[in-house]
Amino acid sequence: MSPTVLFVTNSNAPLLREAAAAAAGQQHFPVAALYLVATPIGNLADLSLRAIHVLSLVDAVACEDTRHSAVLLQQLGVDKPLLAVHQHNENSAAQGVLERLARGERVAYVSDAGTPSISDPGAILVAAAQAAGYVTVPIPGASSVAAALSVAGDHHAGGFQFVGFLPTRAGDRQSRLRDLSQAAATQVLFEAPHRIESLAAQLASLMAGRTVTICRELTKQFESIATMAAAELPAWLAADPNRVRGEFVVVVHGMAEQRDPQDLATGRLLKLLMRDLPLKQAVALTAEISGSARNALYEQALALKQAEVD
């Protein structure tokens with residue numbers, strides 16, 4: 001996810017650090033420890049006072065991108081040595097962090113935005129620190145996954161599967177989505193702007209009847225959230241060029257444990273509604289009335305429509 005736009009000024013940064021110290025300063029922060037600090041996903045106001053205090057307290061800050069993290073620390077009025085630890089050097093760079101821990105230092109690790117080690121670097125560093133016997137301390141913060149799930153309204157969810165970013169190779173991507181289409185659980189995906197239209201087309205093809213919630217630019221100025229059937233997603237994106245800009249979290253809603261749509265009465269209801277309504281509306285209304293799974297009803301409706309053509 002993209003780093004936040006910062007608005008803290010040098011004049012109020014000392015007051016912010018004082019407030020952070022007052023709120024978290026009496027807590028225990030062990031030495032020779034690695035602190036995994038979550039940073040905002042778009043809105044600096046989501047940075048916790050505890051995170052600010054830890055960034056002020058540690059001896060060094062390891063970063064996914066030192067340029068981005070330097071801006072964050074500068075705005076907070078915090079001056080610390082920055083260590084580059086990213087996906088291309090994490091194995092080798094972890095050794096430098098371990099050397100600092102061996103000297104009894106506290107080291108924070110931050111990714112560009114969000115929580116380290118989740119679709120971001122950090123997991124290799126954490127594993128290395130733990131293997132060497134050092135304490136690792138999570139400092140939680142804003143989560144795009146939790147934020148998206150909270151506004152999805154997915155009342156069928158009995159848990160969720162975090163998918164993150166899909167493979168970039170077309171064949172691997174299609175295979176992964178095909179597997180996900182068979183899973184009943186709620187799924188949370190990340191997607192970049194240059195691939196969101198492709199993802200929408202694949203979801204419409206493989207999971208046409210599933211409900212999706214698409215969250216764009218969460219916590220930022222142009223945040224937008226919309227829920228619809230997956231079949232409607234490509235047209236929704238195409239209707240406004242702004243809808244394909246930014247970073248995306250897509251929630252594919254879970255499938256409820258529902259009656260078989262091949263039930264005779266449900267089939268009759270679907271046929272009747274298809275006489276007078278567009279296919280998508282007929283499917284949605286049948287699912288609401290009968291309690292049958294929308295994706296299976298959608299497939300049944302397509303079969304009925306094809307049978308009429310034949």
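In these legends, contact means heavy atoms within 4.5 Å. The model shown is a predicted one.

**Figure 1. The whole protein, to get your bearings before the close-ups.**
The fold is built from 12 helices and 10 strands. Along the principal axes, the C-alpha atoms fill a box of roughly 75 × 40 × 35 Å. Of the 310 residues, 46% count as buried. Among contacts between residues at least 6 apart in sequence, 72% join residues at least 24 apart. The accessible surface comes to about 15,100 Å², with 52% of that area belonging to carbon and sulfur atoms. If you are thinking about electrostatics, note that there are 24 positive and 29 negative side chains, and that the centres of these two sets lie 2 Å apart.

**Figure 2. R216, a buried arginine in strand β8.**
Here is the first use of our contact definition: leaving out residues up to four places away in sequence, R216 touches F222, E223, S224, N242, R243, R245, E247 and F248. What does the side chain of R216 reach at 2.9 Å? The partner is the backbone oxygen of R245. R216 has no salt bridge, and the nearest side chain of opposite charge, E217, is 5.5 Å away.

**Figure 3. K80, a buried lysine in a loop.**
The loop in view runs between helix α3 (66-76) and strand β3 (82-84), and K80 sits in it. K80 forms no salt bridge; D59, the nearest side chain of opposite charge, lies 6.2 Å away. The side chain of K80 does reach a backbone oxygen, that of V58, at 2.8 Å. With residues up to four places away in sequence set aside, K80 touches L55, S56, L57, V58 and V61.

**Figure 4. M228 and its surroundings in strand β9.**
Strand β9 covers residues 224-229, and M228 is part of that strand. Is M228 buried or exposed? M228 is buried because its relative accessible area is 9%, and the cut-off for buried is under 20%. Beyond its neighbours within four places in sequence, M228 is in contact with R210, T211, V212, I214, L233 and W236. For a distance to check on screen, try M228 and G209: they are 19 residues apart along the chain, and their C-alpha atoms are separated by 9.7 Å.

**Figure 5. Two loop residues with positive phi, A32 and T219.**
Most residues other than glycine have a negative phi. A32, however, has a positive phi near 50 degrees. A32 lies in the loop between helix α1 (13-24) and strand β1 (33-37). T219, also not a glycine, has a positive phi of about 70 degrees. The loop that holds T219 runs between strand β8 (211-216) and strand β9. T219 is partly exposed because its relative accessible area is 22%, and that class spans the range between 20% and 50%.

**Figure 6. E197 in helix α8.**
Helix α8 takes in residues 196-206, with E197 among them. Which residues does E197 touch, not counting those up to four places away in sequence? They are L237 and V244. As a long-range reference for this view, E197 and A93 are 104 residues apart in sequence, and their C-alpha atoms are 36 Å apart in space.

Definitions and conventions. Residues are numbered from 1 along each chain as its sequence is written. This is a predicted model: local features need pLDDT of at least 70, side-chain atom pairs count only at pLDDT 80 or more; totals for chains, interfaces and linings use all residues. Side-chain values use heavy atoms; hydrogens and water are left out. Helices (H or I, at least four residues) and strands (E, at least two) are DSSP runs, numbered from the N terminus. Buried means under 20% relative accessible area, exposed over 50%, partly exposed in between (1.4 Å probe, protein chains only). Accessible areas come from the Shrake-Rupley method with a 1.4 Å probe; for residues, only the protein chains shown count as cover. Lys and Arg count as positive and Asp and Glu as negative; His and the chain ends are not counted. The place of a charge is taken as NZ of Lys, CZ of Arg, CG of Asp or CD of Glu. A salt bridge is a side-chain nitrogen of Lys or Arg within 4 Å of a carboxyl oxygen of Asp or Glu. A polar contact is a pair of N or O atoms within 3.5 Å; within protein, one must be able to donate a hydrogen and the other to accept it, and residues adjacent in sequence count only if both atoms are side-chain atoms.
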